[in-house]
Amino acid sequence: MIPDYLAEALGDVASDTSGAPADYIPELATADPDLLGAAFATVDGEVYGAGDLDVELTIQSISKPFVYALALADRGFDAVLAKVGVEPSGEAFNEISLERGSGRPLNPMINAGAITTHSLAGSQELDAGARLERVVAGLSAFAGRRLEIDDGVCASELENAHRNLAIAHMLRSHGILDEDPTAAVAGYTRQCSLLVTVRDLALMAATLANRGVNPRTGERVVPERAVRQVLSVMSTCGMYDAAGDWATQVGIPAKSGVAGGLIGALPGQIGIATYSPRLDSHGTSVRGVSLFERFSSDMGMHLMEVP
Ligand code: GLN
């Protein structure tokens, strides 16, 4: 039933070839633009899917809510909130935007905030290598399998990371980062280069929907209180400068990535993921947005709607 529904939904959006794969990371521009997949993972650990379910894509910005959760778990709320706010910026993901005066990034979903939360994962004593391992292990626990880094995509992004380096230098000058900005961007870029499938993404989202416990492995990945914080920030800031459109049209806490992945998490119910590489002007998958709009209206998933 559900796989048929998903296959039909994919068939309906397949003719939409608008948008284009990201090209500011040259390696991403080589993706097959016609790839298309969608999966649902329930809080009982069932996974249903259709289309290109096992093709690997880099996680990119979809890593941000999960690393925010790890930072909250590892350092505590006060330490994280002192360095990264929770206010929607209404700006693009790569905006060089820091709070006036303090220099604190407005939220953990834009790059400025995510470079900072990467630096806050793990305990303070960790060196950059051990911290990256904490991030890889943490995201792997959300997915329920060991994730690997795509070195080619990572190198391609690092060669062109001038904007993220500029952001990291700003963060360093304000004392928000207290380490070498180049090392912080290198770690953050590796985090973004982790390879996942649509199935992994649905399970990662389902772990958020399931109060921080992976529904397949039964592992508690982060505390329940961190999950509430993360889902709240996803619902207000996850879609950057399209957050308002998304909140009204779809109404599911969500996060997009420039490789074409998109996730949503419905608390207590399911994690949803889609993959299609062509992006709109916000850096979000065009067909992913259409699919989420359809899922939300077909199944009454909008959180502001009485079921
Ligand atoms: N690694 C990408 C960047 O920092 C992630 C952006 C995204 O997926 N929106 O630019």
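The following is a conversation between a student and a tutor about a predicted model of a protein with a ligand.

Student: How do you know which residue a number refers to, and what makes a feature count in this model?

Tutor: Residues are numbered from 1 along each chain as its sequence is written. The model is predicted, so local features need pLDDT of at least 70 and side-chain atom pairs count only at pLDDT 80 or more, while totals for chains, interfaces and linings use all residues.

Student: What is the mean pLDDT of the protein?

Tutor: pLDDT is the predictor's confidence in each residue, from 0 to 100. The mean for the protein is 96, and 100% of its residues reach 70 or more. The model also scores ipTM 0.96 and pTM 0.97.

Student: Why is Thr58 called buried?

Tutor: A residue is buried if 20 or more other C-beta atoms lie within 10 Å of its own, exposed if 12 or fewer, and partly exposed in between, with C-beta atoms placed from the backbone. Thr58 has 26 other C-beta atoms within 10 Å, so Thr58 is buried. Thr58 sits in strand 3 (residues 57-58); strands are DSSP runs of E of at least two residues, helices are runs of H or I of at least four, and both are numbered from the N terminus.

Student: Which residues does Thr58 contact, leaving aside neighbours within four places in sequence?

Tutor: Contact means that the C-beta atoms of two residues, placed from the backbone, lie within 7 Å. By that rule the contacts of Thr58 include Asp150, Val153, Cys192 and Ala259.

Student: What is notable about phi in Gln60 and Tyr240?

Tutor: Most residues other than glycine have a negative phi. Gln60, not a glycine, has a positive phi of about 50°, and phi of Tyr240 is near 55°, also positive. Gln60 is in the loop between strand 3 and helix 2 (63-75), and Tyr240 is in the loop between helix 10 and helix 11 (243-249). Gln60 has 27 other C-beta atoms within 10 Å, so Gln60 is buried. Tyr240 has 25 such atoms within 10 Å, so Tyr240 is buried too.

Student: What makes a residue part of the shell around the ligand?

Tutor: Its C-beta atom, placed from the backbone, must lie within 6 Å of the molecule. Among the residues around the ligand are Gln60, Phe93, Glu157 and Cys192. The shell divides into 3 nonpolar, 7 polar and 1 charged. Ala, Val, Leu, Ile, Met, Phe, Trp, Tyr, Cys and Pro count as nonpolar, Asp, Glu, Lys and Arg as charged, and the others, Gly among them, as polar.

Student: Which domains give residues to that shell?

Tutor: At least three residues come from each of domain 1 (2-60 + 194-299) and domain 2 (63-192). Such bounds come from an automatic or database domain assignment. The C-alpha centres of the two domains lie 21 Å apart. Their contact takes 36 residues from domain 1 and 38 residues from domain 2. Helix 10 gives the most to the side of domain 1 that touches domain 2, with 8 residues.

Student: Why is the largest nonpolar core said to lie between the domains?

Tutor: A nonpolar core is a set of buried Ala, Val, Leu, Ile, Met, Phe, Trp, Tyr and Cys residues joined through C-beta atoms within 7 Å. The largest has 101 residues, and Ile263 is one of those that touch the most other members. Helix 9 gives the most to this core, with 9 residues. Both domains give residues to this core, so it lies between them.
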